[in-house]
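Work through the exercises below with the model open beside you. Try each task before you read its solution.

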Number of protein chains: 2
Amino acid sequence: MPKIGMEPLRRKALIDATISAIGERGTLDVTMSEIAGRAGVSAALAHHYFGAKEDLLQATMRYLLSELNADCRTALKLGTTPRARVSAVISVNFSEKQFRPETIAAWLAFYVEAQKSPALRRLLKVYARRLHSNLMSGLSALLPRSEAERVAETTAALIDGLYIRRALKDGVPDATTAAALIEDYLETKLADAKAG
Amino acid sequence: MPKIGMEPLRRKALIDATISAIGERGTLDVTMSEIAGRAGVSAALAHHYFGAKEDLLQATMRYLLSELNADCRTALKLGTTPRARVSAVISVNFSEKQFRPETIAAWLAFYVEAQKSPALRRLLKVYARRLHSNLMSGLSALLPRSEAERVAETTAALIDGLYIRRALKDGVPDATTAAALIEDYLETKLADAKAG
DNA sequence: GTTTTTATTGATTGATGGCTCAATTAAAAA
DNA sequence: TTTTTAATTGAGCCATCAATCAATAAAAAC
């Protein structure tokens, strides 16, 4: 069956399978066989293309990170005013594509795994830095520096917190409600600053 | 060596060992031997007292939950005004005892495991409900119901979010800074409500 | 002093799962 | 046509662990 040029297709399929497997199980404790099975190939092939399991997990996380980043860049381009740019960053995090149970479960699982794995921790730091600077790109024009920093910090924590709560899917905040909570916070904060 | 009455001592020691093991590794992926070793006993004894590993993990989580709850009750008793009661709940979550790397790592790990284990999920729901009602016990006197609900929701998410960020210990928010962020949010929100 | 009960462990079992490897297929290159 | 090379896998090795069990030791009960 070997058609040539399978590698990129298989890699993508395996990464997708990894996300959906993690999403369903809710843990990184998924076997290579499970993942490979979902991708329609053997476990041996997964090892062939990715080496160790950890490499596949890293690749998966890098993929999630790059998707989020791409969405962010697109959204930021559309936002003309500083205020709009802040909202853009937030809305990306709660978009259909990002705020899905699978994706969220994967993020959460990676957060935990990052404590063991320096490589994953490095990736998460990249994410945190990017989020912060994306938020600041709008906020620094709206608030004095130290206040802007604080609001960015709080917003970032809120995003993480709402993700976690969504993962437990107690029926709690859906995407729009979650985003609305953050917008509400921002509005209050900005109005307060203007009033002095 | 068998002195009688060892059971409660061993159970406590094993639970403590579980927390510290999880805290150090950052995962629930700790072996029974590792835990037992830290408690100064054999793996067999851990099984003797707790049965399966999952039972030990559940007991550990129940312990964390009960400690947090006890601290909360104490703090709530001291708060006389509604406003003070809200602050009390927050400060407990960021107290020396609760906001420690080990404890936080354990919480985070349990959040993830809860996706697999219905028993753990049930326990986390108890926690979420308690936190919510503890917050509401102060907030409902300060804000109209729906607004109070929203603020409680946001505060809870903020706590979770700050916990997660602490777990990655990028040097980010220490306990006091974290608590201050939430207090700042509350102040703005309450002032806004009074003015608005 | 014998028996029962509690505390405790080393050794073992059984299962799981990551990873390797030799073997197969068929496309592409020579 | 022959040879090389990419794609692919089943079978199996090996390590890790959770869980069990039979055996030991000493306190308590009788």
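Two residues are in contact when heavy atoms of theirs lie within 4.5 Å. Keep in mind that this is a predicted model.

**Exercise 1. The fold of chain A**

Task: State which elements chain A has, and give the span of its C-alpha trace.

Solution:
- Step 1. Count the elements. Chain A has 9 helices and 0 strands.
- Step 2. Read them in order. From the N terminus on, the run is α-α-α-α-α-α-α-α-α.
- Step 3. Take the span. Along its principal axes, the C-alpha trace of chain A covers about 70 × 35 × 30 Å.

**Exercise 2. Where the chains meet**

Task: Describe the contact of chain B and chain A by its residues and its buried area.

Solution:
- Step 1. Count residues. Chain B gives 39 residues to the contact, and chain A gives 39 residues.
- Step 2. Find the area. The two chains bury about 3,700 Å² between them. Carbon and sulfur atoms hold 64% of it.
- Step 3. Look for the main contributors on chain B. B:Gln115, B:Arg165 and B:Leu168 supply 17% of the area that chain B buries against chain A, more than any other three residues.

**Exercise 3. The surface near DNA strand D**

Task: Find which residues come nearest DNA strand D, and which part of the strand the protein meets.

Solution:
- Step 1. List the residues. There are 21 residues around DNA strand D. A:Arg10, A:Ser42, B:Thr31, B:Met32 and B:Lys53 come nearest.
- Step 2. Turn to the strand. Of its atoms within 4 Å of the protein, 75% belong to sugar and phosphate.
- Step 3. Check single distances to a phosphate oxygen of DNA strand D. A backbone N or O atom of B:Lys53 lies 2.7 Å from one. For A:Ser42, the backbone distance is 2.9 Å. For B:Met32, it is 2.9 Å.
- Step 4. Assign elements. Two or more residues come from each of helix H1 (7-25) and helix H3 (43-50) of chain A, and helix H3 (43-50) of chain B. The largest share, 4 residues, is from H3(A).
- Step 5. Sort by class. This surface has 12 nonpolar, 5 polar and 4 charged residues.

**Exercise 4. The largest pocket**

Task: Give the volume of the largest pocket and describe its lining.

Solution:
- Step 1. State the volume. It is about 340 Å³.
- Step 2. Count the lining. The largest pocket is lined by 20 residues. Nearest its centre lie A:Asp29, A:Glu113, A:Lys116, B:Thr27 and B:Asp29.
- Step 3. Sort by class. The lining holds 8 nonpolar, 3 polar and 9 charged residues.

Note on methods:
Residues numbered from 1 in each chain as written. Chains lettered and ligands numbered in written order. Predicted model: local features only at pLDDT ≥ 70, side-chain atom pairs only at ≥ 80, totals over all residues. Heavy atoms only, no water. 1 Å grid on protein atoms, 1.4 Å probe; cavity = no way out; pocket = protein on both sides within 12 Å on 5 of 7 lines; lining within 4 Å. Points joined across faces, edges and corners; volume = space filled by probe spheres on them. Nonpolar A, V, L, I, M, F, W, Y, C, P; charged D, E, K, R; others polar. Near = heavy atom within 4 Å. Polar contact = N/O pair within 3.5 Å; in protein donor to acceptor, adjacent residues only side chain to side chain. Buried area = accessible area lost by both parts, 1.4 Å probe.
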